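Hi everyone, thanks for coming. I'd like to walk you through a structure today, so please have a look at it on the screen.

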Amino acid sequence: MLILLRQGKVSKWFSGIGQEAISVGVTMALQNNEFILPMHRNLGVFTTRNIPLHRLFSQWQGKANGFTKGRDRSFHFGTQQYHIVGMISHLGPQLGVADGIALASNLKGKNQVTAVFTGEGGTSEGDFHEALNVASVWQLPVIFCIENNGYGLSTPTNEQYHCKDLADRGKGYGIDSFILDGNNIIEVYTKVLKLAESMRKRPRPILLEFKTFRMRGHEEASGTKYVPEELMSKWNTKDPIVNFRNYLFSERILTSEKEEEFTKSIKSEIDEHLQMAFEEEVIVPNERNELEDVYKPFEYHHIDPKSNTEEIRFIDAVSQGLRQSMQRHKDLVIMGQDVAEYGGVFKITEGFVEEFGKERVRNTPICESAIIETAMGLSIAGMKAVVEMQFADFVSSGFNPIVNYLAKSHYRWNERADVVVRMPCGAGVAAGPFHSQTNEAWFTKTPGLKVVYPAFPYDAKGLLATAINDPNPVLYFEHKALYRTIRQEVPTDYFTIPFGKASLLKEGNDITIITYGAGVHWALETLERNHDIEADLIDLRTLQPLDTVAIYNSVKKTGRAIILQEDSLFGGIASDLSALIMENCFEYLDAPVKRVASMETPIPFINQLENQYLAKGKFEAALRQVLEY
Ligand SMILES: Cc1ncc(C[n+]2csc(CCOP(=O)(O)OP(=O)(O)O)c2C)c(N)n1
Ligand SMILES: [Mg+2]
């Protein structure tokens, strides 16, 4: 690898030289159908699982026979075939993903363990602590492997943590932990083998701290100048391969002839496979291929509503939709704070534990990141998850896995992220800056996510069913102010509504009003007060995918457009809608496109301030202004 790297024949690589016994020993100790989630130094995991070397070389050369079609580098990939789930650059998130895979093993009674790696540097991330805590509370069979190699990039351990051994952290979470000589493959293998056997019988997490040392730079270019000479020479005498070789010779297991034979055959395997990768065509960019792989293709299955209906509130519709999806999908799991016996803070999951049991309706500790990651792990293991954010505002604590892990999963390695995140959102309930946000723009910005935002009970129910059927990650916004105020006749049975189809609530030739969520009701009230205005009123229903056809058709008819959004203006979806209309309908416009949104401040608590903040109060005047232009 070092030679190939210098010759520019493979791309950036993080050496695990000096740490090989850990990757190889742990992988040998697991069964081949048990998942391993390695890090950037764990080449030994991939080779021990017998991934053909030419595929690894293709991966590092960014070729199609690799695992990411040239879209991600080094070990940033997973493969279901080899039961390996690679890291994302952010290090920590995969610890929670391991929790999810292990949870699926428990739920399906598979008696499998999952091993996940982190460096000692990565243990400082919140994800590490959240993942350990969840694994302990739920007794998930995860082997957490810390490779303590002395440095995190240039940072030595004494600047990384302030305790003697990282293994001691286990105690704080109620997890058994052990310190192992990471340079001794026999110790690694025998200990992990024994632990894994015991964990399969009695599922629980284990924390292992492997003492080892990073013998080369963080990556080759950065060198090791900051590492004291004596540390290098001390650890040099402990090289795991040299020592294992000497041991094999002393035990007369290995002979010079055998060693020569092995070396020759491995050498020729490397040469041959390298050649195969070189002979492979380079990837020719094709925009369509790239765009098509952002989402997993989803064959929408339309289920018509039956004729029996009842008048219910918005909140009942969400609850019904969720309940009927739980009945339909036996592998669907709901997770969230206080969602079990308590029924969630809005009581949407009230009675669910009685019907579906505590295994599928799971109270979680307060750790949004780890729970989103756990949901991703369930998806990798073939299950489905709905995660309830107690309030949409708190999604910021789970932001990283959503926008970096779930959103990029299919594009990077063809893996679905079958997760719905429910987002009770919105203002108008005097709840202040941290319980009132409507933060859809954080997500409409990110390719790979779908964003749903119903305004009526009927849509809420049908769209939630579709969101759960869709194998892509969906952010499902449900406006708290609509929960108990908006009622509608809704089919009592299960039905679905397609994504990407806006609904035209009113028709008129004067102007096009485009909005969603609470904005729909503000617009309806405004039109109710102003019977002289004849408007097309478009409720977008889903923001990603976006029904641009409905928007353009209407604007081309009316020649005027106003976009109403509850969120503050700058960077919201209204701005993009305005740009799209300008770019696609300019010649049909009789007036500039108008955006109406809330103030550029956090959302204030007290009523009169909140009313001033919200776009609602400004809409009517703006509407008149565009009409009179
Ligand atoms: C969230 C995040 N912060 C910083 C980095 C940059 N970074 C990549 S690897 C690394 C050091 C990791 O150290 P450690 O966990 O000990 O693993 P090691 O490289 O020693 O195996 C850093 C700082 C990153 N990738 N992600
Ligand atoms: Mg390290």
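How many salt bridges are there here, by the usual distance rule? The count comes to 27 salt bridges. Keep in mind as we go that this is a predicted model.

Let me pick out a few of those pairs. Take Arg 422 and Glu 388: they form a salt bridge with their closest N and O atoms 2.7 Å apart. The two residues come from distant parts of the chain, with Arg 422 in strand 14, residues 419–425, and Glu 388 in strand 13, residues 384–388, which puts them 34 residues apart. Is this pair buried or exposed? Arg 422 is buried, with a relative accessible area of 0%. Glu 388 is buried too, at 6%. Both values fall under the 20% cut-off for calling a residue buried.

Now please turn to Arg 529 and Glu 620. Their salt bridge has its closest N and O atoms 2.8 Å apart. Arg 529 sits in helix 20, residues 518–529, and Glu 620 in helix 24, residues 616–628, so this pair ties together parts of the chain that are 91 residues apart in sequence. Here Arg 529 counts as exposed, at 53% relative accessibility, while Glu 620 counts as partly exposed, at 28%. Some salt bridges also share partners: Lys 69, Arg 71, Glu 290 and Asp 293 are joined into one network that way.

One more pair before we move on. The side chains of Arg 216 and Glu 220 meet in a salt bridge, at 3.0 Å from N to O. Arg 216 is partly exposed, with 26% relative accessibility, and Glu 220 is partly exposed as well, with 23%.

On to the strands. Seven of them form an open sheet with mixed pairing, and the order is 12-11-13-14-16-15-21. Which strands are at the edges? They are strand 12, residues 361–363, and strand 21, residues 542–544, each of which pairs on one side only. On average, neighbouring strands in this sheet are turned by 20° against each other, ignoring direction. You can place strands 13 and 14 in that order too, and those are the strands that hold Glu 388 and Arg 422 from our buried salt bridge.

Let's zoom in on the strand 21 end. Strand 15, residues 450–452, is joined to strand 21 by two bridges, and the two strands run antiparallel. If you want a residue to click on, try Val 451: its bridge partner in strand 21 is Gln 544.

Next, have a look at strand 5, residues 142–148. Seven of its seven residues are buried, so this strand is largely enclosed by the rest of the structure. What points which way from strand 5? Val 142, Phe 144, Ile 146 and Asn 148 point one way, Ile 143, Cys 145 and Glu 147 point the other way, and all are buried. Strand 5 pairs with strand 4, residues 114–119, in the parallel sense over six bridges. Within that pairing, Gly 119 stands opposite Glu 147.

Cys 145 brings me to the cysteines. How many disulfides does the structure hold? The answer is zero. Why is Cys 145 not in one? The closest cysteine sulfur, in Cys 163, is 18 Å from the sulfur of Cys 145, which is too far for a bond. For a disulfide, we would need the two sulfur atoms within 2.5 Å. As for their surroundings, Cys 145 is buried, with a relative accessible area of 0%, whereas Cys 163 is partly exposed, at 30%.

Two last stops, starting with the surface. Ile 186, Phe 244, Tyr 247 and Ile 253 form a nonpolar patch there, with about 330 Å² of accessible area together. Among them, Ile 186 is found in helix 8, residues 185–201, and is partly exposed, with a relative accessible area of 34%.

The other stop is Glu 311, in strand 10, residues 309–313. This residue is partly exposed, at 46% relative accessible area. Where Glu 311 comes to Gln 488, the C-alpha atoms are 5.1 Å apart in space, although the two residues are 177 apart in sequence.

That's my tour. Thanks for listening, and I'm happy to go back to any part of it.

Conventions. Residues are numbered from 1 along each chain as its sequence is written. Chains are lettered from A and ligands numbered from 1 in the order in which they are written. This is a predicted model: local features need pLDDT of at least 70, side-chain atom pairs count only at pLDDT 80 or more; totals for chains, interfaces and linings use all residues. Side-chain values use heavy atoms; hydrogens and water are left out. Patches are made of residues with over 30% relative accessible area and no salt bridge: like charges are joined within 9 Å, nonpolar side chains (Val, Leu, Ile, Met, Phe, Trp, Tyr) within 5 Å. Accessible areas come from the Shrake-Rupley method with a 1.4 Å probe; for residues, only the protein chains shown count as cover. A salt bridge is a side-chain nitrogen of Lys or Arg within 4 Å of a carboxyl oxygen of Asp or Glu. Helices (H or I, at least four residues) and strands (E, at least two) are DSSP runs, numbered from the N terminus. Buried means under 20% relative accessible area, exposed over 50%, partly exposed in between (1.4 Å probe, protein chains only). Two strands pair if DSSP finds at least two bridges between them. Axes are lines fitted to C-alpha atoms, for helices over the stretch in contact, and angles run from 0 to 180 degrees between N-to-C directions.
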